[in-house]
Amino acid sequence: MHERNDGARLGAAEIGAELGERATLLQFSSAFCQPCRATRRTLAEVAGMVEGVAHIEIDAEDHLDLVRRLEVLRTPTVLVLDADGAIVRRAAGQPRKADVIGALGAAVRD
């Protein structure tokens with residue numbers, strides 16, 4: 001996962017769900033994307049391990065304006081948001097669990 005700090009912030013109104021209290025794992029998926037299923041399981045597992053972290057999956061095809069604005073080029077794409085909705089990490093493709101946990105470390109402020 002690489003760092004991304006371009007000042008972009010996302011809120012509940014844009015993504016259609018409440019952000020996590022401490023961080024949010026935002027997954028862009030598409031209907032026939034096989035790696036999206038594995039990514040969903042990984043992110044749900046990590047969110048379940050860390051208190052205050054939400055996993056939100058959105059269909060890229062239903063959110064084309066957001067996809068274009070955030071330059072999501074493939075699915076799955078995962079954005080790690082901090083408590084304020086700022087994008088702190090980003091990854092395209094299926095992330096490894098260890099990378100997701102590491103990225104959360106950059107997002108969660110105690």
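# Briefing: strands, helices and one disulfide

Pro76 sits in the loop between helix H3 (64-69) and E4. The model is predicted. The peptide bond leading from Thr75 into Pro76 is cis, with omega near -5°. Beyond that loop, the picture centres on strand E2 (residues 23-29), which pairs with E3 in the parallel sense and with E4 in the antiparallel sense. The structure also holds one disulfide.

**The loop between H3 and E4**

- Most residues other than glycine have a negative phi, and most peptide bonds are trans.
- The bond from Thr75 to Pro76 is cis.
- Glu71 is found in this loop as well, between H3 and E4.
- Glu71 is not a glycine, yet has a positive phi of about 55°.
- Is Glu71 buried or exposed? Glu71 has a relative accessible area of 51%, so it counts as exposed, the cut-off being over 50%.

**Strand E2**

- Strand E2 covers residues 23-29 and is mostly covered, with seven of its seven residues buried.
- Both faces of E2 are covered.
- Ala23, Leu25, Gln27 and Ser29 are buried on one side.
- Thr24, Leu26 and Phe28 are buried on the other.

**E2 with E3**

- E2 and strand E3 (residues 53-59) run parallel, paired over seven bridges.
- Which residue of E3 is the bridge partner of Ala23? The partner is Val53.
- Helix H2 (residues 34-49) joins these two strands in a β-α-β unit.
- The unit of E2, H2 and E3 is right-handed.
- Val50 is found in the loop between H2 and E3.
- With a relative accessible area of 24%, Val50 is partly exposed.
- Val50 and Arg22 are 28 residues apart along the chain. Their C-alpha atoms are separated by 9.1 Å.

**E2 with E4**

- Strand E4 (residues 77-82) runs antiparallel to E2, and six bridges join the two.
- Phe28 of E2 stands opposite Thr77 in E4.
- Leu25 has Val80 as its bridge partner in E4.
- Six of the six residues of E4 are buried, so E4 is largely enclosed by the rest of the structure.
- On one side of E4, Thr77, Leu79 and Leu81 are buried.
- On the other side, Val78, Val80 and Asp82 are buried.

**E4 with E5**

- How many bridges join E4 to strand E5 (residues 87-92)? Five bridges join them, and the strands run antiparallel.
- Leu79 stands opposite Arg90 in E5.
- E4 and E5 form a hairpin with four residues between the strands.
- In this hairpin, Gly85 takes a positive phi near 90°.

**The disulfide**

- A disulfide is a covalent bond between the sulfur atoms of two cysteines.
- Here the pair is Cys33 and Cys36, with sulfur atoms 2.1 Å apart.
- The link of Cys33 and Cys36 is right-handed, with 90° about the S-S bond.
- Cys33 counts as buried because its relative accessibility is 7%, and buried means under 20%.
- Cys36 is buried too, at a relative accessible area of 1%.

**Helix H2 and its surroundings**

- Two packed helices are described by the angle between their axes and the distance between the axes.
- The axes of H2 and helix H4 (residues 97-107) come within 10 Å. They cross at roughly 45°.
- That angle makes H2 oblique to H4.
- The crossing of H2 past H4 is right-handed.
- Gln34 has its place in helix H2.
- Gln34 is exposed, with a relative accessible area of 53%.
- Gln34 and Gln94 are 60 residues apart in sequence. In space they are 9.6 Å apart, C-alpha to C-alpha.

How values were computed:
Residues are numbered from 1 along each chain as its sequence is written. This is a predicted model: local features need pLDDT of at least 70, side-chain atom pairs count only at pLDDT 80 or more; totals for chains, interfaces and linings use all residues. Side-chain values use heavy atoms; hydrogens and water are left out. Buried means under 20% relative accessible area, exposed over 50%, partly exposed in between (1.4 Å probe, protein chains only). Two strands pair if DSSP finds at least two bridges between them. A crossover is right-handed if, with the strands pointing away from the viewer, the path from the first strand over the helix to the second runs clockwise. A disulfide is a pair of cysteine sulfur atoms within 2.5 Å. Axes are lines fitted to C-alpha atoms, for helices over the stretch in contact, and angles run from 0 to 180 degrees between N-to-C directions. Angles under 35 degrees count as roughly parallel, over 145 as roughly antiparallel, 65 to 115 as roughly perpendicular and the rest as oblique. A crossing is left-handed if the near helix is turned anticlockwise from the far one by less than a right angle, and right-handed if clockwise.
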